[in-house]
Amino acid sequence: MPLALAHANLNPRKLLIDGSWVDARSGKTFRPTNPATAEPLCEVAQADAEDIGLAVAAARRAFDEGPWPRMSGAERGRILFRLSELMYARAKEIAELETIDAGKPISESLNVDVPMAAEVIQYYAGWASKVTGETLPPRGESFIYTLREPTGVVGAIVPWNFPLLLAMWKVGPALATGCTMVLKPSETTPLSVLKVGELALEAGVPAGVLNVVPGPGRTAGNALVEHPGVDKIAFTGSTAVGQDIMRRAAGTVKRLSLELGGKSPNVVFADADLDAAARGAVAGIFYNKGEVCAAGSRVLVERKAQEELVEKMKARAAKLTQGDTLDPKTRLGPQISEAQLESVLSYVKRGKEEGAKLALGGERNQAAGKGYFLQPTIFMDAKNEMTIAQEEIFGPVATVIPFDDLDDALRKANGVRYGLAAGVWTRDVKKAHRVAHAIRAGTVWVNSYNVYDPGAPFGGYKQSGFGRELGKIALDGYTESKTVWIDLG
Ligand code: NAD
């Protein structure tokens with residue numbers, strides 16, 4: 001019998017458009033599923049193109065005529081600080097929603113996703129009063145300066161693996177700079193961001209500034225991407241959909257930031273602290289059941305250390321309790337859906353066929369519950385050319401690939417189409433820096449993995465996308481630079 005919700009409820013949810021909760025124009029609803037129990041949750045209004053049109057019109061009015069971009073940065077900051085405080089105060093409720101919707105163990109939602117999301121809003125609340133242009137050296141009689149102005153209406157499209165956190169990575173800098181937003185969560189996981197929409201109104205975010213419209217990608221998502229009233233699309237999701245968005249956004253020359261897929265290398269040298277490296281390798285691939293864009297899904301290990309590292313990883317993975325995601329002791333949740341589980345299992349089959357050695361797991365875990373649980377899985381003796389070493393599996397499957405020397409490690413680390421993140425484990429500081437500089441990825445963790453801070457930029461090289469989220473640099477993605485020339489002659 002799954003544990004009951006203690007703080008959240010399962011009342012039906014509507015769309016947030018122009019500060020009001022409304023049904024979809026079509027009257028359509030959908031019911032997301034709890035991945036741990038395979039049971040449907042509450043009814044949620046389903047946005048289609050028409051609802052997106054209304055939400056964009058509201059965001060457009062709020063931007064073109066409303067108070068949000070016109071108030072001082074300090075005032076916007078105060079409202080965003082209030083939102084962040086409300087998120088901290090309601091953390092248990094938001095965490096429960098995230099857990100039942102996305103299949104995250106409550107220990108993760110409550111201790112990681114929700115506080116990190118609140119901290120991101122807090123961080124950008126601080127920036128709201130500090131976005132400035134610059135004064136340039138005069139040329140002749142001209143005085144020249146630049147302004148940073150908000151980009152306008154932002155369409156944010158986010159995936160199901162970190163529904164709240166990845167949305168806040170966009171809401172924070174967009175709202176801090178004075179943009180307004182239409183936020184389309186994944187149709188799989190709308191509940192936590194709908195709750196934040198409610199808190200935003202409570203915090204004093206004016207009507208139309210933040211609209212939340214869950215709906216399918218092919219209807220609601222496309223409508224947002226193609227809408228002429230939207231100035232920028234901030235997207236996180238798969239590389240295939242990112243490519244489609246690039247094509248569709250071309251028609252209206254929209255600004256784009258794309259955070260896409262990954263196949264990140266976690267590179268372990270034999271001189272590393274292998275206990276720490278095993279801990280990092282396990283956290284790197286099994287955190288959030290491997291449904292992490294930056295998952296360390298390729299563990300590159302110096303050949304002579306492979307056996308020892310894999311033994312240590314197996315011992316740690318065996319301790320990851322699977323089961324009811326509302327139980328604080330659960331450490332490894334279910335995959336998001338039956339289809340995702342099937343997809344991961346098909347990669348496991350492929351790995352075996354292509355000759356990698358299955359060192360752990362590889363089966364559905366029926367004992368953990370009715371949901372979509374997969375045993376933590378480790379392949380070893382894999383080759384970088386194999387499908388399981390090249391394609392994003394997006395599940396708890398580590399592909400351990402031995403390498404011979406530093407050059408071989410770098411060749412393999414960079415030998416994929418992605419470049420989102422990487423890890424390096426060594427006690428040799430020179431080697432650590434050499435590898436960190438040579439890997440083409442947006443983040444490199446040395447002797448750690450999967451650590452984040454709102455001030456530390458995150459984003460991809462190569463086909464992992466472009467644009468950076470988090471940090472000061474993300475503000476550039478939500479502002480235009482205007483140059484003003486004053487003739488003083
Ligand atoms: P997805 O690309 O299928 O969907 C992401 C979002 O896009 C959803 O809201 C979906 O409704 C919407 N969408 C789908 N088709 C669309 C279309 N044609 N037009 C507009 N919107 C559309 O991805 P997913 O399965 O939800 O998430 C998993 C993927 O996200 C993985 O590839 C993962 O690596 C990636 N991801 C990347 C990062 C990062 O920061 N780089 C973070 C998390 C997830």
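## Meet the ligand and its surroundings

The ligand here is surrounded by 28 residues, and the closest of them are V158, S238, L260, C293 and E392. Keep in mind as you explore that this is a predicted model. The ligand sits in the largest pocket, and the points below walk through its contacts and its neighbours.

**Polar contacts and burial**
- At V158, a polar backbone atom lies 2.7 Å from an oxygen atom of the ligand.
- W160 takes part through its side chain, where an N or O atom is 3.0 Å from an oxygen atom of the ligand.
- G237 offers a polar backbone atom, found 3.3 Å from an oxygen atom of the ligand.
- On its own the ligand would expose 850 Å², and the protein buries 89% of that area.

**Who makes up the shell**
- Sorted by class, the shell around the ligand holds 14 nonpolar residues, nine polar ones and five charged ones.
- Two helices and a strand are worth finding in the view: α7 (217-226), β12 (232-236) and α8 (239-249) each give at least two residues to the shell.

**Where the domains come in**
- Domain 1 (15-260 + 464-484) supplies at least three residues of the shell around the ligand.
- Domain 2 (265-453) likewise supplies at least three, so to speak of the shell is to speak of both domains.

Terms used
Residues are numbered from 1 along each chain as its sequence is written. This is a predicted model: local features need pLDDT of at least 70, side-chain atom pairs count only at pLDDT 80 or more; totals for chains, interfaces and linings use all residues. Side-chain values use heavy atoms; hydrogens and water are left out. A residue is near a molecule or strand if one of its heavy atoms lies within 4 Å of it. A polar contact is a pair of N or O atoms within 3.5 Å; within protein, one must be able to donate a hydrogen and the other to accept it, and residues adjacent in sequence count only if both atoms are side-chain atoms. Accessible areas come from the Shrake-Rupley method with a 1.4 Å probe; for residues, only the protein chains shown count as cover. On a 1 Å grid over the protein atoms alone, a cavity is a set of points where a 1.4 Å probe fits but cannot get out, and a pocket is an open set with protein on both sides within 12 Å along at least five of seven lines; lining residues have an atom within 4 Å of a point. A molecule sits in a cavity or pocket if more than half of its atoms lie within 2 Å of its grid points. Helices (H or I, at least four residues) and strands (E, at least two) are DSSP runs, numbered from the N terminus. Ala, Val, Leu, Ile, Met, Phe, Trp, Tyr, Cys and Pro count as nonpolar, Asp, Glu, Lys and Arg as charged, and the others, Gly among them, as polar. Domain bounds come from an automatic or database domain assignment.
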